[in-house]
Amino acid sequence: MKALLNLFVSIVTQPAILVGLIAMIGLMLQKKSLTTVIQGTIKTAVGFLVLIGGSGILQDSLDPFAKMFKFALHVHGVVPSNEAVVAIALVKYGSITALIMFVGMMINVLLARITKFKYIFLTGQAMLYMSCLTAVVLISAGLGTGWTTIILGGIFEGTLLTVTPALCQPFMRKITGGDNVAMGHTGNIGYATSGLIGKLFGDNSKKTEDLNIPKSFGFLRDSTVSITLLMSIVYIVIAIISGPTFVENKLSSGTNYLVYSLVEAGTFAAGFVVVLQGVRMILGEIVPAFQGIANKIVPNSKPALDVPIIFPYAPNAVLIGFFTSFIVGTLSMFAMIALKTTVIIPGVVGHFFCGAAAGIYGNSTGGRRGAILGSAVNGLLISWLPIFILPVLGNLKLAASTFADTDYLIPGILLGNLGSMGTIALVAGILIFFVAVILLGTVFSKNKKITASK
């Protein structure tokens, strides 16, 4: 049993393998030739490896920035990092996390099959992290480590991973200009909020990608050039504040601190270029391959993919969203110090990926103003909500890290507060959520169609 669990976890936590298998199944269901199946499977898997490689380059280049930032401001507190807190939790809850994830995947497919929410969540590591959060909260609430926790946890996770892409899809259509892919990330609640903020308070006539750049600065229209220059300025400024002694002794292994900053800025831009190439490969293969799944198993379904899938559509919004979110996180940190609360140090990686996506969503409905306002609101959410999730994490509240994205924070806080009301309230809350989604996706949608036809 343990060997099977390890095999399952190994497959689903490797997006390249998981999505490659999905592409293979989709092509086989369409009865494509062996050559087409092999090509589609390999190119889809390699495309995801390219995408993951680019994301890794981005994260690695942001790591020294985070260390310089923390040293320059001399602050101590909790740093939201999904990877760090999950690594701690899996030591104790590894098996139950895997089983919750398996049940959650089945619930996701079931709901996509029987409701109008036709989204198959394919971001493996996000599913693992959500399963881990669910396990920790349910066990900390006193539900135990048996099959009750596994079944209820799987129902909760599968329902959540079906609904959150649906929240984002109206905005995804605007961003991508189509309806072929969905957003499969754990910041979806924040992204949808950003899109709504942009719609209510933005100005859709002035997009981030329509900035008027003088001819003498025409080179800035190239996203690789503009990203490199902007990140160079940011890295150099924070390196100067940190001082050459810290940078050269602790980070650069003796390389001049200004040269090191320029290299890291260029590395960030290189990571972005790699991500764009991976996105092109994935979209070129997974969308047609997924039609086999959509036609045979879950009609009209769409793959929900990881957040970098939207970065090519608005590179300027990526940078605007990142810096706005990070600035809001920094100001929030100073406010926490003044208020003498738990201090949440802004996680650079979280603010980059979630802030960038929030900027794109805000831009899709409210242009530049929407990108700024939407990413600012998202920045507030991922800065302040970690304070409120710490009490429901049991022993993990003592860790120096916590969950970072809105789809962990908001559901986790709600689930934990239900647990504090007793086991009956917790079980009832999960089942009501599940039934409500089925009703919204079946009965109410059918009534709407009948009314429309009349």
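**A predicted model, from a buried phenylalanine to its pockets**

Phenylalanine 268 sits in helix α10, in a model that is predicted. With a relative accessible area of 0%, phenylalanine 268 is buried, since buried means under 20%. Leaving aside residues up to four places away in sequence, phenylalanine 268 touches Leu58, Ser61, Leu62, Ile227, Met231 and Phe352. Serine 232 is 36 residues from phenylalanine 268 in sequence, yet their C-alpha atoms are 9.5 Å apart in space.

How far can the prediction be trusted along the chain? Mean pLDDT for the chain is 86, and 91% of the residues reach 70 or more. Among the elements, helix α7 (residues 188-201) has the highest mean, at 97, while helix α15 (residues 443-453) has the lowest, at 51. Over residues 450-454 the pLDDT stays under 50, and for that stretch the model has zero contacts beyond four places in sequence.

Next comes the open space in the model. The largest pocket holds about 920 Å³. Its lining is made up of 39 residues, and the ones nearest the centre of the pocket are Gln59, Ser81, Glu83, Val349 and Gly350. Which elements each supply at least two residues of this lining? They are α3 (34-73), β1 (79-80), α4 (82-114), α5 (124-140) and α12 (348-389). The largest share comes from α3, with 13 residues. As for chemistry, the lining of the largest pocket divides into 21 nonpolar, 11 polar and seven charged residues.

There is also enclosed space: the count comes to one cavity of 30 Å³ or more. About 70 Å³ lies in this largest cavity. Lining the cavity are Pro80, Ile344, Ile345, Pro346, Gly347, Gly350, His351, Ile382, Ser383 and Ala404. Here the largest share, four residues, is from α12. The lining of the cavity splits into six nonpolar and four polar residues, with no charged ones. Gly350 turns up in both places, as a residue of the cavity lining and as one of those nearest the centre of the largest pocket.

Helix α5, one of the elements that line the largest pocket, deserves a paragraph of its own. Is α5 enclosed or open to the outside? Of its 17 residues, 15 are buried, so α5 is largely enclosed by the rest of the structure. The length of α5 works out too: at 1.5 Å a residue, its 17 residues should span 24 Å, and the C-alpha atoms at the two ends are 24 Å apart, which agrees. After α5 comes glycine 142, with a positive phi near 95°.

Two further residues add to the picture of the interior. Glutamine 169 is part of helix α6 (residues 147-176). Glutamine 169 counts as buried because its relative accessibility is 0%. What does glutamine 169 touch, not counting residues up to four places away in sequence? The list is Tyr119, Asp179, Val181, Ala182, Met183 and Lys302.

Valine 37, for its part, belongs to helix α3, the helix that gives the largest share of the pocket lining. Valine 37 has a relative accessible area of 9%, so it too is buried. Its contacts, again not counting residues up to four places away in sequence, are Met24, Leu27, Met28 and Lys32. From valine 37 to isoleucine 25 the separation is 12 residues in sequence and 8.6 Å in space, C-alpha to C-alpha.

Finally, a couple of loops hold residues with a positive phi. Lysine 31 lies in the loop between α2 (15-29) and α3. Its phi is about 60°, a positive value although lysine 31 is not a glycine. Is lysine 31 buried or exposed? Lysine 31 counts as exposed, because its relative accessibility is 74% and the cut-off for exposed is over 50%. Serine 253 is placed in the loop between α9 (244-251) and α10 (257-296). The phi of serine 253 is near 55°, again positive in a residue other than glycine. With a relative accessible area of 74%, serine 253 is exposed. That brings the account back to α10, the helix of phenylalanine 268.

Definitions and conventions. Residues are numbered from 1 along each chain as its sequence is written. This is a predicted model: local features need pLDDT of at least 70, side-chain atom pairs count only at pLDDT 80 or more; totals for chains, interfaces and linings use all residues. Side-chain values use heavy atoms; hydrogens and water are left out. On a 1 Å grid over the protein atoms alone, a cavity is a set of points where a 1.4 Å probe fits but cannot get out, and a pocket is an open set with protein on both sides within 12 Å along at least five of seven lines; lining residues have an atom within 4 Å of a point. Grid points are joined across faces, edges and corners, and a volume is the space filled by probe spheres set on the points. Ala, Val, Leu, Ile, Met, Phe, Trp, Tyr, Cys and Pro count as nonpolar, Asp, Glu, Lys and Arg as charged, and the others, Gly among them, as polar. pLDDT is the predictor's confidence in each residue, from 0 to 100. Contact means heavy atoms within 4.5 Å. The expected span of a helix is 1.5 Å times one less than its number of residues. Buried means under 20% relative accessible area, exposed over 50%, partly exposed in between (1.4 Å probe, protein chains only).
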